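Colleague: Hey, have you got a minute to walk me through this structure? I'm new to this, so plain words please.

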Amino acid sequence: MATVWFAILAGLLIGYAVLDGFDLGVGALSLWVARTDEERRVVLNAIGPVWDGNEVWLIVWGAALFLAFPRVYAVAFSGFYLPLMIALWLLMGRGVAIEFRHHIQDPLWRGAWDVVFWLSSFLLALLYGVAAGNVVAGVPFDARGYFQGLFEWLLNPYALLMGLFSLVILSWHGAHYLCVKAEGHLYERAHWLARALWGLTALLAVALTAATFAARPTLMRNFHAVPALLIFPALALASLALAPWYHGRQADRAAFLCSAGVVGGLLASTAAGLYPDLLPSSHDASRSLNLTNAAAPPDALLPALLWMIPGVLLLAIYQVAVYRVFAGRVVLGKSTHY
Amino acid sequence: MTDAVVADRLQFTFTIMYHYLFPVLTMGLAPFIAALKTLHLASGDVQYAAAARFWTRIFALNFAMGVVTGIPMEFQFGTNWATFSTFAGGVVGQTLALEGVFAFFLESSFLGILLFGEDRVSPRFHWLSSILVAAGALISGFFIVATNAWMQHPVGYAVAPDGTVHLDNFWALLGNPFAWWQYAHVISGAILTAAIVMAATGAYYLLAGKHAAFGRLSVTMGVLVGAVFALMQLFPTGDLNSRNVLIYQPVKLATMEGLFRTQPGAPLAIIGMPDTTQERLLDPVVVPDLLSYLAYGDFHATVRGLGDYPRDLRPPVQITYYAYHIMVGLGTVFIAVLLLGVLLWWRRALPGARWFLWILLAQLPFPYIANEAGWTVAEVGRQPWLVYGLLRTPQGASPTVVAAETIFTLLGFAGIYALLGLIFLYLVLRIVAEGPAEAPAGSAPPAPAIPVEH
């Protein structure tokens with residue numbers, strides 16, 4: 001049962017990374033791809049109807065972690081106290097920047113919120129990667145089973161490399177989204193950026209894979225035991241290889257699905273490699289938080305699974321409805337909200 | 001209690017009280033928007049559509065503030081209350097995840113369609129979206145209240161060998177007897193808040209001589225709906241919620257009422273200052289025997305006072321007592337004002353009575369204060385417990401987070417919230433100054449959209 005919840009949490013996190021990932025990426029690129037007020041409005045209206053729903057994946061992931069692995073939720077969130085608070089402030093700044101900007105037609109006002117939107121998206125994409133890097137590398141648990149996330153070791157070279165990779169890959173993913181939604185100059189710039197960022201993504205992916213095996217040599221253990229898991233890295237690799245082909249033919253949706261496949265495939269591979277650990281220890285493996293010492297009992301997990309299934313079905317219906325209603329390129333009109 | 005716990009409590013108090021200023025209007029306004037859209041669809045009258053669009057603009061801003069101030073709430077359980085989270089995550093994680101899955105996805109998806117989709121979907125689908133947004137807001141409120149109700153009156157749980165608790169009976173958690181009247185009271189308070197906001201906005205337009213048709217609609221709707229929900233705050237929701245407190249948390253009830261001495265024929269204190277050293281109410285105005293009647297339906301029944309409980313199990317008396325009396329006092333004012341409004345409406349004098357419109361306008365801040373005071377009673381009155389009878393508040397804090405860190409982040413929240421609050425108010429006032437789009441005279445064709453100023 002705990003394994004099922006491990007998979008659910010991985011799925012929710014992948015949903016968040018793929019969906020909010022593209023709007024974070026769009027934000028991280030926004031100042032460069034969108035130069036005029038009209039282009040920036042297109043950018044915001046492209047993510048406008050969906051970004052809030054995408055962020056709900058994070059909320060649900062957090063709550064699911066809370067219910068299924070309370071100890072991980074408690075130890076990780078209190079351990080990463082200051083970085084997490086900074087992430088929350090960035091999420092707040094991003095939300096209000098999107099919603100406040102359009103109220104006043106004034107270049108100073110709009111320019112200020114454009115910078116807030118760009119900066120918060122940029123830093124969040126970076127920060128998520130640094131956090132993921134520290135989870136993969138492990139944290140220094142103390143005897144009580146807690147740890148204190150100090151910046152001096154949070155900002156280690158491996159985690160920073162992961163942060164840079166996260167920024168690049170999400171920007172690449174965001175550029176693909178803009179290729180699907182935009183027209184004209186905005187499209188051309190996004191298209192150009194998508195090609196450039198593909199190269200950077202591929203380069204960093206190689207470097208990071210090497211660094212990851214150095215940081216956590218046991219990562220291959222599960223793949224040896226269950227070779228079927230190799231489907232996740234294979235998915236990431238195939239998507240990465242196919243992306244430029246679709247991109248060159250301007251098959252923008254297919255290219256977007258490819259970057260989604262890379263993001264999802266890499267995260268799934270990481271989760272498969274970490275299993276059964278949720279939060280590994282950096283020095284003493286017996287202190288790692290894993291499925292056996294951190295999961296809530298099956299009495300609590302079973303009912304949650306039973307309501308989760310219809311919940312996910314409903315959520316699929318809502319999301320399909322929204323993405324269908326807003327399919328197609330953005331045209332600024334009388335009822336565009338932003 | 002250590003400094004770190006004091007800082008944790010201050011931070012949670014500040015962020016939750018600030019946060020609640022927004023969802024209280026979100027939950028209350030969403031049904032009004034759905035009702036206005038329903039009226040438009042049923043009657044074809046475009047003034048309802050224009051009113052729905054106006055309130056949707058306010059709603060969108062308010063919703064965004066609710067979202068950004070709400071995200072930290074979920075994470076703060078883990079950051080500042082790690083021991084509580086480890087202890088109770090197996091139960092309260094359920095209701096929080098239920099909220100995300102069944103409410104937030106619904107609300108955020110269809111809010112997207114409500115805000116962005118008017119020319120992409122049929123009028124019926126757009127109307128349906130407004131209904132689903134309201135449903136999402138109200139479902140969300142339920143799961144939060146269910147979470148809180150479990151902390152007030154834990155049910156449906158089992159204790160694991162390591163001392164933590166986890167869910168044992170799902171339906172007991174959702175059917176918690178404490179939750180349902182608390183939920184009804186919270187939602188009725190939210191709708192009352194939205195009704196008063198609506199009436200105050202309409203009153204402003206009528207006093208200023210602008211957008212008269214919209215002003216009349218807003219005042220009438222606000223006063224009539226508000227009167228119903230102001231009464232419902234007293235009975236049944238307030239009364240039955242208090243009975244639950246009497247059954248499950250009698251010491252909180254004694255604190256709320258400022259009753260120090262156990263006595264038959266207990267009086268109801270209308271005014272008075274609780275003095276905790278002398279253990280009596282100073283300068284009180286009381287109605288004899290009434291508390292006994294309200295609690296047990298018998299004027300001579302014995303009500304237990306604070307003296308029956310050891311000092312370390314009593315909640316902070318002053319805060320709980322005053323918050324409760326502020327809430328009840330304001331609730332009484334709302335009933336009086338809104339019933340007077342119904343009377344004026346009955347005599348067809350409502351839009352013309354400028355003195356009354358001024359009262360409606362001045363009333364605007366008070367439902368917010370009443371709602372916050374009500375939650376203060378619920379939460380401070382629960383002390384010293386974090387989870388009633390199971391975990392004391394100081395035991396729930398994070399062991400690794402020190403006071404300095406929390407004070408730093410508290411100051412950060414305070415600064416950000418002050419700035420956001422100012423900008424929010426400024427933008428809302430701009431929307432009010434612009435007003436709703438006027439319906440063209442004798443309009444047969446559908447109304448134009450709100451002029452887009454972007």
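Modeller: Sure, we can go through a few parts of this predicted model one by one.

Colleague: Let's start where the chains meet. How many residues of chain B are in contact with chain A?

Modeller: On the chain B side there are 78, and they are in contact with 69 residues of chain A.

Colleague: And how much area do the two bury between them?

Modeller: About 6,700 Å², with 73% of it on carbon and sulfur atoms. The size of an interface is often given as the accessible area lost when the parts come together.

Colleague: How many salt bridges cross that interface?

Modeller: The rule finds one between chain B and chain A. The partners are A:R71 and B:D162, and their closest N and O atoms are 3.3 Å apart.

Colleague: Which elements of chain B supply the side that touches chain A?

Modeller: Helices α3 (46–80), α4 (82–116) and α14 (403–434), along with strand β2 (165–167), each supply at least two residues. The most comes from α4(B), with 25 residues. If you sort that side of chain B by residue type, you get 43 nonpolar, 26 polar and nine charged.

Colleague: What about polar contacts across the interface, how many residue pairs?

Modeller: There are 14 such pairs, counting those where both residues have pLDDT 80 or more.

Colleague: OK, switching to salt bridges in general. How many over all chains?

Modeller: The count comes to 18. One of them joins B:E118 to B:R53, with the closest N and O atoms 3.2 Å apart.

Colleague: Why does that pair tie together separate parts?

Modeller: Because B:E118 lies in the loop between α4 and α5 of chain B while B:R53 lies in helix α3, the pair ties together parts that are 65 residues apart in sequence. B:E118 is partly exposed at 32% relative accessibility, whereas B:R53 is buried at 15%.

Colleague: Got another one that links distant parts?

Modeller: Try B:E279 and B:R311, whose side chains meet at 2.6 Å, N to O. B:E279 is in the loop between β4 and β5 (280–287) of chain B, and B:R311 is in the loop between β6 (302–303) and α11, 32 residues apart.

Colleague: Is B:R311 buried or exposed?

Modeller: Exposed, because its relative accessibility is 55%. Its partner B:E279 counts as partly exposed at 25%.

Colleague: And which residues in chain A form a network of salt bridges?

Modeller: That would be A:D37, A:R40, A:R101, A:R110 and A:D114, which are linked together in one. Side chains of opposite charge can pair when their charged atoms come close.

Colleague: New topic. Why is helix α9 of chain B called largely enclosed?

Modeller: Because seven of its eight residues (250–257) are buried, the rest of the structure largely encloses it. The buried ones include B:K252 and B:E257, as well as B:L253 and B:M256.

Colleague: What do the buried residues of α9(B) pack against?

Modeller: Quite a list from chain B: helices α5 (123–152), α8 (212–248), α10 (290–296), α11 (317–346) and α13 (366–380), plus strand β4 (268–275). Just after α9(B) comes B:G258, which takes a positive phi of about 65°.

Colleague: How many disulfides are there over all chains?

Modeller: Zero, from a search of the whole structure. Take A:C179: the nearest cysteine sulfur belongs to A:C258 and is 13 Å away. A:C179 is buried, with a relative accessible area of 1%, and A:C258 is buried too, at 7%.

Colleague: Last one, what does A:N222 touch?

Modeller: Leaving out residues up to four places away in sequence, A:N222 touches A:L229, A:A272, A:G273, A:L274 and A:Y275. A polar atom of the A:N222 side chain lies 2.7 Å from the backbone oxygen of A:A272.

Colleague: Where does A:N222 sit in chain A?

Modeller: In helix α10, residues 221–225. A:N222 counts as buried because its relative accessibility is 13%, and the cut-off for buried is under 20%.

Conventions. Residues are numbered from 1 along each chain as its sequence is written. Chains are lettered from A and ligands numbered from 1 in the order in which they are written. This is a predicted model: local features need pLDDT of at least 70, side-chain atom pairs count only at pLDDT 80 or more; totals for chains, interfaces and linings use all residues. Side-chain values use heavy atoms; hydrogens and water are left out. Helices (H or I, at least four residues) and strands (E, at least two) are DSSP runs, numbered from the N terminus. Buried means under 20% relative accessible area, exposed over 50%, partly exposed in between (1.4 Å probe, protein chains only). A polar contact is a pair of N or O atoms within 3.5 Å; within protein, one must be able to donate a hydrogen and the other to accept it, and residues adjacent in sequence count only if both atoms are side-chain atoms. Contact means heavy atoms within 4.5 Å. Buried area is the accessible area (1.4 Å probe) that two parts lose on being put together, summed over both. A salt bridge is a side-chain nitrogen of Lys or Arg within 4 Å of a carboxyl oxygen of Asp or Glu. Ala, Val, Leu, Ile, Met, Phe, Trp, Tyr, Cys and Pro count as nonpolar, Asp, Glu, Lys and Arg as charged, and the others, Gly among them, as polar. A disulfide is a pair of cysteine sulfur atoms within 2.5 Å.
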